[in-house]
Amino acid sequence: MAVELINPDGLPKPEMYRQMSIATGSRLVFLAGQVARDAEGNPVGEGDLAAQVEQAYVNIGTALAAAGGSFDDVAKLTVYVVDWSPDKLPALGEGVGRAAARLGVDPVKPITLLGVAALGEPDLLVEVEATAVID
């Protein structure tokens with residue numbers, strides 16, 4: 001595998017993500033932010049943060065498969081959540097867990113979580129961008 005995920009000594013060791021990824025692969029993949037749209041562009045999970053997170057993660061897996069990789073090759077995620085507050089963490093975790101089950105992967109990656117006022121379309125609650133490294 002081209003990406004090793006670690007929590008180095010001297011840093012906190014969160015359960016929900018890893019502090020660092022070490023990439024040794026030969027191809028970098030920079031994926032545009034993925035949102036809650038199916039393959040035909042139809043909205044998924046209107047008003048449901050967990051459903052939208054799940055779809056965004058599944059879209060990342062789909063895109064990486066087209067590049068010859070998988071979600072396991074993700075080195076870093078950036079997650080943008082509309083009107084973020086800590087009470088949204090359970091829904092975020094639920095969506096990640098459901099996506100991981102669908103994809104058959106460990107979803108724990110280095111992640112930056114950002115609260116934003118809005119995204120590109122009014123029904124979107126979350127957008128997830130990924131950087132991956134594929135051998």
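Which strands does helix α1 (residues 49–66) lie across? Select α1 and look at what is beneath your selection: the helix lies across β3, β4, β5 and β6, and runs at about 25° to β6, where an axis is a line fitted to C-alpha atoms, for helices over the stretch in contact, contact means heavy atoms within 4.5 Å, and angles run from 0 to 180 degrees between N-to-C directions.

Before going on, note that this is a predicted model, in which local features need pLDDT of at least 70 and side-chain atom pairs count only at pLDDT 80 or more, whereas totals for chains, interfaces and linings use all residues. Residues are numbered from 1 along each chain as its sequence is written, and side-chain values use heavy atoms, with hydrogens and water left out.

**The whole chain**

Colour the protein chain by secondary structure, and you should find 2 helices and 6 strands, which follow the pattern β-β-β-α-β-α-β-β along the sequence; helices (H or I, at least four residues) and strands (E, at least two) are DSSP runs, numbered from the N terminus. The C-alpha atoms fill a box of roughly 40 × 35 × 25 Å, taken along the principal axes.

**The sheet**

Next, select β3, β6, β4 and β5, which in that order form an open sheet of 4 strands with mixed pairing; two strands pair if DSSP finds at least two bridges between them. Because β3 (27–34) and β5 stand at the edges with a single partner strand each, one side of each is left without a neighbour in the sheet. From one strand to the next, the twist averages 10°.

Now keep only β4 (residues 74–82) and β6 (residues 126–134), which run antiparallel and are joined by 7 bridges. If you pick Val79, its bridge partner in β6 is Val128.

**A loop residue**

Move to Leu119, in the loop between β5 and β6. Leaving aside neighbours within four places in sequence, Leu119 is in contact with several residues, including Tyr80, Val82 and Leu125. Leu119 and Tyr80 are 39 residues apart in sequence, and 8.3 Å apart in space, C-alpha to C-alpha.

**The largest pocket**

Finally, select Met16, Tyr17, Leu92, Val96 and Ile111, which are the closest to the centre of the largest pocket among the 14 residues that line it. A pocket, on a 1 Å grid over the protein atoms alone, is an open set of points where a 1.4 Å probe fits, with protein on both sides within 12 Å along at least five of seven lines, and lining residues have an atom within 4 Å of a point. Helix α2 gives the most to this lining, with 4 residues.
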